[in-house]
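Colleague: I am new to this structure and should like to learn how to read it. Might we take a few features in turn, with the general idea before each case?

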Amino acid sequence: MKIGITGGIGSGKSYVCKLLAAKGIEVYDCDSAAKRLMRTSERLRQQLTELIGPDTYDADGQLNKAAVAKFLLTSETNAHAIDHIVHPAVFDDFRQSGINWMESAIMFESGINQLVDRVIVVTAPEQVRIERIMQRDGISRDKAREWMGRQWSQDEVRRRADFEIVNDGTTPLDAQIDSILKQLNI
């Protein structure tokens, strides 16, 4: 059985994945995989350079994050164009990984939910998420809200998910994880 873990920025999905790892469950990190593939895949390098331009990678072959970010943030069309290159590569990499669990912040938005049998969403109250983002990234409250606003609403993701883990800082996580693992017969 393939299981997906998702949740908005600041929800604590990566922390939940660390707890799963402590229980012996390996989780494929889609964000890390995308970054790795953009650095190492010749096919992706070529496609991204054709799309963004010659400054996509520097002379040493390193991804020019500033150039990619500038292109990405210029328009929704540009963001979708990058997604259409990177997402299929991540999908293929996950399929070939042999790992049964995956973490993706944009599980439903990207369509990668089609590769899993069940989805767990990690949720947290908006104020908790904002505080976590501000502390983790050293940004303002307004910037944290802006980042949150770029993702689907927590309510929409919750409606589509099969299970929910509440990561509000007070509700015990291990008991919730164990309950879901039991329901999944894992």
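Modeller: Let us begin with a definition: a residue is called buried when its relative accessible area is under 20%, exposed when that area is over 50%, and partly exposed in between. Please keep in mind that this is a predicted model.

Colleague: Which residues of β5 lie on its covered face, and which on its uncovered one?

Modeller: The general idea is that in a regular strand the side chains alternate between the two faces of the sheet. In β5, Phe163 and Ile165 belong to the covered face, while Glu164 and Val166 belong to the uncovered one.

Colleague: How many bridges join β4 to β5, and do the strands run parallel or antiparallel?

Modeller: The two strands run parallel, and 4 bridges join them. As to individual positions, Glu164 in β5 has Val121 standing opposite.

Colleague: Let us turn to a helix. Which residues of α10 are buried?

Modeller: Helix α10 covers residues 173-183, and its buried residues are Leu173, Gln176, Ile177, Ile180 and Leu181. Viewed down the axis of α10, these residues fall within an arc of 135°, so they line one face of the helix. The face turned away from that buried side carries the exposed residues Ala175, Lys182 and Gln183.

Colleague: Against which elements do the buried residues of α10 pack?

Modeller: They pack against helix α1 (13-22) and against the strands β3 (101-103), β4 (118-123) and β5 (163-166). After α10 comes Asn185, whose phi is positive, near 60°.

Colleague: How should one read the charged residues, and how many salt bridges does the structure hold?

Modeller: In general, side chains of opposite charge can pair when their charged atoms come close. The structure holds 15 salt bridges. In one of them, the side chains of Asp174 and Lys23 meet at 3.8 Å, N to O. This pair links distant parts of the chain, since Asp174 is in helix α10 and Lys23 is in the loop between α1 and β2 (27-29), 151 residues apart.

Colleague: Which other residue of α10 meets Lys23 in a salt bridge?

Modeller: The side chain of Asp178 meets that of Lys23 at 2.8 Å, N to O. Here too the pair links distant parts of the chain, with Lys23 in the loop between α1 and β2 and Asp178 in helix α10, 155 residues apart.

Colleague: Are the residues of these pairs buried or partly exposed?

Modeller: Asp174 counts as partly exposed because its relative accessibility is 41%. Lys23 is partly exposed as well, at 35%, and so is Asp178, at 38%.

Colleague: Which residue meets Asp137 in a salt bridge?

Modeller: The side chain of Arg136 does so, at 2.8 Å, N to O. Asp137 is partly exposed at 32% relative accessibility, whereas Arg136 counts as exposed at 54%. Returning to the earlier pairs, salt bridges that share partners join Lys23, Asp174 and Asp178 into one network.

Colleague: Finally, is Asp93 buried or exposed?

Modeller: Asp93, which lies in helix α5 (residues 76-97), has a relative accessible area of 18% and is therefore buried. Leaving aside residues up to four places away in sequence, Asp93 touches Tyr28, Ala33, Arg36 and Leu37.

Conventions. Residues are numbered from 1 along each chain as its sequence is written. This is a predicted model: local features need pLDDT of at least 70, side-chain atom pairs count only at pLDDT 80 or more; totals for chains, interfaces and linings use all residues. Side-chain values use heavy atoms; hydrogens and water are left out. Buried means under 20% relative accessible area, exposed over 50%, partly exposed in between (1.4 Å probe, protein chains only). The arc is that of the directions from the helix axis to the C-beta atoms. Contact means heavy atoms within 4.5 Å. A salt bridge is a side-chain nitrogen of Lys or Arg within 4 Å of a carboxyl oxygen of Asp or Glu. Two strands pair if DSSP finds at least two bridges between them.
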